[in-house]
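Reader: I would like to learn how to read confidence, domain contacts and chain contacts from a model. Please take the features one at a time.

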Amino acid sequence: MAAVGSAASWLFRLRAAGAEGHWRRLCGAGLARGFLHPAATGKDAAQRRQVAHFTFQPDPEPREYGQTQKMNLFQSITSALDNSLAKDPTAVIFGEDVAFGGVFRCTVGLRDKYGKDRVFNTPLCEQGIVGFGIGIAVTGATAIAEIQFADYIFPAFDQIVNEAAKYRYRSGDLFNCGSLTIRSPWGCVGHGALYHSQSPEAFFAHCPGIKVVIPRSPFQAKGLLLSCIEDKNPCIFFEPKILYRAAVEQVPVEPYNIPLSQAEVIQEGRDVTLVAWGTQVHVIREVASMAKEKLGVSCEIIDLRTIIPWDVDTVCKSVIKTGRLLISHEAPLTGGFASEISSTIQEECFLNLEAPISRVCGYDTPFPHIFEPFYIPDKWKCYDALRKMINY
Amino acid sequence: MAVAIAAARVWRQSRILGQQEQQFSSLDDKPQFPGASAEFIDKLEFIQPNVISGIPIYRVMDRQGQIINPSEDPHLPKEKVLKFYKSMTLLNTMDRILYESQRQGRISFYMTNYGEEGTHVGSAAALDNTDLVFGQYREAGVLMYRDYPLELFMAQCYGNVSDLGKGRQMPVHYGCKERHFVTISSPLATQIPQAVGAAYAAKRANANRVVICYFGEGAASEGDAHAGFNFAATLECPIIFFCRNNGYAISTPTSEQYRGDGIAARGPGYGILSIRVDGNDVFAVYNATKEARRRAVAENQPFLIEAMTYSPSPVLPPDPQSREPTLTWGHFPLCRIGHHSTSDDSSAYRSVDEVNYWDKQDHPISRLRHYLLSQGWWDEEQEKAWRKQSRKKVMEAFEQAERKPKPNPNLLFSDVYQEMPSQLRKQQESLARHLQTYGEHYPLEHFDK
């Protein structure tokens with residue numbers, strides 16, 4: 001027994017020393033399974049990882065932009081970046097690990113196609129990445145910066161809020177960094193926990209001078225990202241990472257633009273307005289089906305798309321019609337962007353409201369790991385809130 | 001039994017592995033670590049940081065304005081050197097008047113450039129006019145050298161209708177697109193990584209342009225400084241980092257700001273060519289900047305220049321009671337002469353004697369004047385005439401600036417974005433309506449209609 005024990009610990013040491021080749025051989029010899037995964041067999045395997053809390057709903061194939069191709073979200077991003085670098089000789093893409101293709105494969109092939117001076121790695125330093133990007137944009141060239149996870153954008157907060165957002169205003173329009181776009185993976189992913197799941201849009205919503213955009217799908221992403229890149233104001237483009245592979249639809253190969261600061265009514269309805277952005281749009285789509293089926297309630301679904309400056313008019317118009325509003329996001333409830341929407345809508349549409357505005361959001365905690373299924377504002381919580389609103 | 005067989009299998013595998021490992025145990029192998037290119041050493045030794053005899057300070061003139069080493073004489077023509085002198089003295093005159101104007105409540109805030117005029121003018125003169133400048137807040141001499149009119153300096157300080165910045169920022173936050181001087185912002189060191197990005201873009205554009213980035217020794221402690229240095233080196237950017245080390249960051253002396261050998265010593269840590277110069281010696285500043293510019297553009301790499309200027313260390317004259325280390329360079333105490341800004345009264349942390357001592361002992365303007373006199377390019381008559389003329393120019397600009405109205409309050413709302421968002425327009429309209437009713441409570445008479 002002791003010999004086995006010490007052999008096992010020796011195996012651990014060997015692995016720790018990074019003797020890759022040896023480790024693989026030992027694994028192949030079947031030892032690994034015996035020593036290192038004692039609970040792998042039998043009924044304890046019930047702790048499987050959860051399925052996704054949503055089903056991605058592709059939009060119908062767009063006809064007005066020419067030939068389309070089946071793309072997932074990261075491929076649609078690559079396509080947008082490819083189009084940008086082809087059209088705009090000043091455009092460059094940079095950030096951590098973008099050269100080999102990026103940790104989410106959004107920049108695969110671009111360095112080979114456009115050159116190492118245009119698609120390149122930077123040192124591991126978010127404040128540097130954004131500051132550097134601002135400087136490129138100040139000269140008029142197009143800067144597309146990647147922050148590897150939105151959770152890591154905070155070292156760059158000063159550069160974004162105090163510098164990028166204020167560049168034009170403080171200089172009396174002598175200088176600006178409008179050709180800066182920051183892209184970053186965003187939102188829950190099933191297992192990301194505190195530092196790979198955050199949705200920080202609310203922090204930036206409080207900052208006049210920048211635009212914050214969040215797509216729900218590959219088709220939306222490409223058009224919105226191209227608009228961000230071409231927009232004459234610094235933009236932050238958050239990409240729902242859980243959709244990178246899960247969301248697949250037909251996306252035009254050629255460039256096209258989807259306007260910023262325009263919400264989209266993706267389904268018309270009479271009784272309740274549901275507002276969300278990013279992944280959560282697919283959750284509320286399902287909630288709308290549930291409401292129709294179980295309650296006979298007709299929901300109007302709005303994808304906000306741009307967080308700031310946001311499309312107040314579209315949401316108002318809808319609430320004036322329905323009289324009820326439910327807003328849902330993964331980010332924590334307090335100070336989340338739903339508070340801004342709620343506050344504005346009650347100001348503008350007070351007399352049209354049949355019920356208090358409902359917000360179904362993450363709890364006021366950091367984003368947990370093992371408790372994710374309980375944390376997220378899933379369809380049951382949204383459905384329940386909707387039901388209470390209908391019965392108010 | 002099964003256990004014993006498994007153990008035997010493990011043991012046999014380890015013998016095979018052991019034989020393979022013997023290939024690596026030679027005594028004269030070279031290190032192959034991807035992270036560093038170096039030899040092995042078998043003696044335990046920590047590298048001692050050298051702060052006692054740190055990086056030497058390059059100078060061209062002595063305190064009397066005499067060229068020390070003729071081969072370092074830049075041999076600048078008379079017109080150019082006179083322009084140096086006039087820029088520095090005009091700046092000094094403007095500083096005195098605007099400082100006073102703040103003390104009298106005419107402008108809200110001001111920062112003087114006393115003692116640092118040489119760093120601004122010497123470096124600006126070594127650049128091309130189209131080289132992009134990112135400053136911190138104490139580089140007005142660069143704009144002065146580039147012939148930024150007094151009227152516009154004053155307009156920005158007064159926030160009047162002629163201010164190209166449209167009255168949005170506190171005084172001394174100058175910017176000029178025409179003269180390639182990026183508008184100043186208050187947060188420290190934020191300009192450093194930005195300057196690097198601009199340099200990268202200039203390299204890509206084959207613009208034959210360098211970017212220069214100014215900052216103080218205090219700002220060099222910020223994370224943005226580290227970020228900027230590292231990016232410039234790894235991305236091979238044609239940039240000059242110009243650190244003005246005046247020994248103080250508001251009240252914080254350099255002994256509390258860093259423990260290494262100043263800022264110049266950090267350069268090599270990033271792989272950056274670095275030099276320390278006497279900031280009171282306009283020719284030294286000029287020579288260093290000129291050479292850095294030439295090589296930065298030709299070789300696409302960054303340069304770091306640390307210009308030492310006035311800043312009395314707390315122990316000057318030496319205080320026998322003090323137990324603080326005497327951080328002087330030789331017996332060359334360096335200091336910021338003026339207060340940090342008009343919000344500061346440095347007598348709270350420096351003695352008046354120190355400031356007077358340095359003002360009389362060494363100053364970039366007086367050093368250059370000695371040089372001009374010895375060349376026969378200047379004399380007392382011209383000095384008197386110029387003092388009168390420069391003061392007159394400044395006073396005229398000042399009076400004009402005072403008289404002008406402030407910009408229309410609608411300019412509060414523009415340029416947040418390139419286009420005004422509809423929600424912001426609504427806010428603008430709501431202010432207009434508010435002023436219709438409550439306008440008497442607002443200083444509308446000073447603002448453009």
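Author: What follows goes through this predicted model feature by feature.

Reader: Where should confidence be checked, and what is the mean pLDDT of chain A?

Author: Take the chain average, then look for stretches that depart from it. Chain A has a mean pLDDT of 91, with 87% of its residues at 70 or more. Residues 1-40 of chain A are a stretch where pLDDT stays under 50. For those residues the model has 32 contacts beyond four places in sequence.

Reader: Which domains does the assignment give for chain A?

Author: Start with the bounds, then the spacing. The assignment gives domain 1 as 68-252 and domain 2 as 264-391. Taken over C-alpha atoms, the centres of domain 1 and domain 2 of chain A are separated by 27 Å.

Reader: How many residues of each domain of chain A are in contact with the other, and how much area do the two domains bury between them?

Author: Read the residue count and the area together. In chain A, 28 residues of domain 1 contact 26 residues of domain 2. The two domains of chain A bury about 2,100 Å² between them, and 59% of that is on carbon and sulfur atoms. On the domain 1 side, A:C188, A:I214 and A:R216 lose the most area to domain 2, together 29% of what that side buries.

Reader: What is the count of salt bridges between domain 1 and domain 2 of chain A?

Author: Charged pairs come before the wider set of polar contacts here. The count is two salt bridges between these domains of chain A. A:R216 also forms a salt bridge with A:E264, with the closest N and O atoms 3.1 Å apart. Across the interface of domain 1 and domain 2 of chain A, 13 residue pairs are in polar contact, both residues being at pLDDT 80 or more. On the domain 1 side, the elements of chain A that give two or more residues are α9 (201-205), β6 (211-213) and α10 (218-230). The largest share of that side, four residues, comes from α9(A).

Reader: How many residues does the contact take from chain A and from chain B?

Author: The reading order is as for the domains: residues, area, then polar pairs. The contact takes 58 residues from chain A and 51 residues from chain B. Chain A and chain B bury about 4,400 Å² between them, with 64% of it on carbon and sulfur atoms. Three salt bridges are counted between the chains. B:R204 forms a salt bridge with A:D117, and the closest N and O atoms are 2.9 Å apart. Between chain A and chain B there are 20 residue pairs in polar contact, both at pLDDT 80 or more. Elements that each supply at least two residues to the chain A side include α1 (2-16), α2 (20-28) and α6 (126-138) of chain A. The largest share of that side, nine residues, comes from α6(A).

Reader: Is B:R106 buried, partly exposed or exposed, and where does B:R106 lie?

Author: For a single residue, combine position, accessibility and neighbours. B:R106 lies in the loop between α2 (78-103) and α3 (117-126) of chain B. B:R106 is partly exposed because its relative accessible area is 40%, and the partly exposed class runs between 20% and 50%.

Reader: Which residues does B:R106 touch, not counting those up to four places away in sequence?

Author: B:R106 touches B:S101, B:Y158, B:F398 and B:E402 on that basis. The side chains of B:R106 and B:E402 are joined by a polar contact of 2.7 Å. Another polar contact, of 2.8 Å, links the side chain of B:R106 with that of B:Q104.

How values were computed:
Residues are numbered from 1 along each chain as its sequence is written. Chains are lettered from A and ligands numbered from 1 in the order in which they are written. Side-chain values use heavy atoms; hydrogens and water are left out. pLDDT is the predictor's confidence in each residue, from 0 to 100. Contact means heavy atoms within 4.5 Å. Buried means under 20% relative accessible area, exposed over 50%, partly exposed in between (1.4 Å probe, protein chains only). A polar contact is a pair of N or O atoms within 3.5 Å; within protein, one must be able to donate a hydrogen and the other to accept it, and residues adjacent in sequence count only if both atoms are side-chain atoms. Domain bounds come from an automatic or database domain assignment. Buried area is the accessible area (1.4 Å probe) that two parts lose on being put together, summed over both. A salt bridge is a side-chain nitrogen of Lys or Arg within 4 Å of a carboxyl oxygen of Asp or Glu.
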